[in-house]
Amino acid sequence: MIKFRNISQIEKLYPFVKAVAGTDVYNGDFGTVTEGTFALAANAKQVVMNIEVGDDEGLDKYFIAKGSDLRVLDLDKLDGQELEIYGKQIPTVVAKGDKLKSTATGDLVNGATAAPYVEVTEIIGNHKGIVVGVVASDPAPATQSVSK
């Protein structure tokens with residue numbers, strides 16, 4: 001599950017993309033939207049952020065069936081901001097400072113060396129969740145000026 005860190009992120013940015021699940025997914029899975037269809041993907045900049053309802057609400061694995069409407073969060077719109085992540089997508093071993101990237105299964109793994117990735121800034125509770133900073137794109141190289 002993905003959660004906004006600040007309410008202003010939804011009010012000012014509205015970082016959502018509408019899509020349909022191209023395959024069975026879980027809330028919080030990372031992937032890409034192509035022509036309105038969400039698919040799991042490695043090194044992804046988008047993540048499922050549906051509102052949970054029913055008996056499975058709040059579980060580590062919240063199932064969403066193929067063909068279901070999705071609300072997908074576009075991390076490009078949140079570059080440099082913080083989010084909270086809970087549930088199955090978090091690696092079993094994670095520490096502050098880890099740079100996590102998505103795998104082809106929609107989960108996160110440590111070892112990102114280039115954007116897009118999320119960097120762990122805080123551990124929530126007893127590893128129940130993590131606070132991450134979003135790095136959607138690598139910073140532009142600095143330009144050097146030449147004096148004469």
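Here is a short chat about a buried residue and some aromatic pairs in this predicted model.

Colleague: Let's start with Ile-130. Why is Ile-130 called buried?

Modeller: Its relative accessible area is 1%, and buried means under 20%, so Ile-130 counts as buried.

Colleague: Where does Ile-130 sit, and which residues does Ile-130 touch?

Modeller: Ile-130 is in strand S13, residues 129-135. Leaving out residues up to four places away in sequence, Ile-130 touches several others, including Leu-83, Ile-90, Val-94 and Leu-100.

Colleague: On to the rings. How many aromatic pairs does the structure hold?

Modeller: There are three. In one of them, Phe-4 and Phe-16 sit edge-to-face.

Colleague: What makes Phe-4 and Phe-16 an edge-to-face pair?

Modeller: Their centres are 5.9 Å apart, and the limit for a pair is within 6.5 Å. The planes are at 75 degrees, and over 60 counts as edge-to-face, so both tests are met.

Colleague: Why do you say this pair ties parts together?

Modeller: Because Phe-4 lies in strand S1 and Phe-16 in strand S2, the pair joins parts twelve residues apart in sequence.

Colleague: And how do you know whether Phe-4 is buried or exposed?

Modeller: Phe-4 has 15% relative accessibility, which is under 20%, so Phe-4 is buried. Phe-16, at 10%, is buried too.

Colleague: What about the rings of Tyr-26 and Phe-63?

Modeller: They are edge-to-face as well, with 6.0 Å between centres and 70 degrees between planes. Tyr-26 is in strand S3 and Phe-63 in strand S7, 37 residues apart.

Colleague: Why is Phe-63 called partly exposed?

Modeller: Its value is 43%, and partly exposed runs between 20% and 50%, so the label fits.

Terms used: Residues are numbered from 1 along each chain as its sequence is written. This is a predicted model: local features need pLDDT of at least 70, side-chain atom pairs count only at pLDDT 80 or more; totals for chains, interfaces and linings use all residues. Side-chain values use heavy atoms; hydrogens and water are left out. Helices (H or I, at least four residues) and strands (E, at least two) are DSSP runs, numbered from the N terminus. Buried means under 20% relative accessible area, exposed over 50%, partly exposed in between (1.4 Å probe, protein chains only). Contact means heavy atoms within 4.5 Å. Rings of Phe, Tyr and Trp (its six-membered ring) pair if their centres lie within 6.5 Å; planes under 30 degrees apart count as stacked, over 60 as edge-to-face and the rest as tilted.
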